[in-house]
Amino acid sequence: MGYDVAQVCLNGHMVNHSYQSMPEFNQRFCAKCGAQTITQCPDCKSSIRGDYEFENVIAPGPTRPNSFCHECGKPYPWTERGLQAAIELADEFEMLNLNERDELKKSLEELVKDSPKAEVAGFRFKKLMKKAGSGSIEVMKTVISDLLSETLKKSVFGI
Ligand SMILES: [Zn+2]
Ligand SMILES: [Zn+2]
């Protein structure tokens, strides 16, 4: 009873959300991207949460791993990698001046944290992305959408 452990690759692919009860699905490396898999937060070593079992009923764990550790609050490696990629991408948007690129980067951080400021950040993000151009929006969507909550995804990308 309680949470099973999830096995996730460093890029955030969910490899096995029942690490303990279905060990036959465990993989040392991710079959999708070849990255190493982990089952614990690299910072505090607490187990990554997978399926939740209660009185023989299993609530399947998320198909996407959480962005932050429930125990120490640090971003998981895939969250840092994804955010870093989005920040690097923001520097490529030639339609935006340097200030606007910085604003975009700050908005990205708030969006990923899903903080109380996320809605405001989302509004600013949409405005800046519109200026960056539709090609840029498409690329940004691919890079960042896995890290956003369903609500935010809908509000910033309309998906
Ligand atoms: Zn992977
Ligand atoms: Zn932790």
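**Notebook: strands, sheet and overall fold**

I began with Tyr52, looked up its bridge partner in strand 6, and found Ala59 there. I note at the outset that the model I am reading is a predicted one, and I keep that in mind for each entry below.

From that pair I moved to the strands themselves, and I count 3 bridges joining strand 5, residues 49-54, to strand 6, the two running antiparallel.

Next I asked myself in what order the strands of the open sheet are arranged. I read the order as 1-5-6, with 3 strands in the sheet and antiparallel pairing. Strand 1 (2-5) and strand 6 (57-59) each have a single partner strand and stand at the edges, so one side of each is left without a neighbour in the sheet. I also looked up the twist, which averages 30° from one strand to the next. As a reminder to myself, strands of a sheet pair through backbone hydrogen bonds, either parallel or antiparallel.

I then stepped back to the whole protein chain, where I find 5 helices and 6 strands. Reading along the sequence, I write the pattern down as β-β-β-β-β-β-α-α-α-α-α, with the strands of the pattern preceding the helices.

For the overall dimensions, I note that the C-alpha trace spans about 55 × 30 × 30 Å along its principal axes.

My last two entries concern burial and contacts in the protein chain. Of its 159 residues, 31% count as buried. Among the contacts with a separation of 6 or more, I find that 53% are accounted for by residues 24 or more positions apart.

Technical notes: Residues are numbered from 1 along each chain as its sequence is written. Chains are lettered from A and ligands numbered from 1 in the order in which they are written. This is a predicted model: local features need pLDDT of at least 70, side-chain atom pairs count only at pLDDT 80 or more; totals for chains, interfaces and linings use all residues. Helices (H or I, at least four residues) and strands (E, at least two) are DSSP runs, numbered from the N terminus. A residue is buried if 20 or more other C-beta atoms lie within 10 Å of its own, exposed if 12 or fewer, and partly exposed in between; C-beta atoms are placed from the backbone. Two residues are in contact if their C-beta atoms, placed from the backbone, lie within 7 Å. Two strands pair if DSSP finds at least two bridges between them. Axes are lines fitted to C-alpha atoms, for helices over the stretch in contact, and angles run from 0 to 180 degrees between N-to-C directions.
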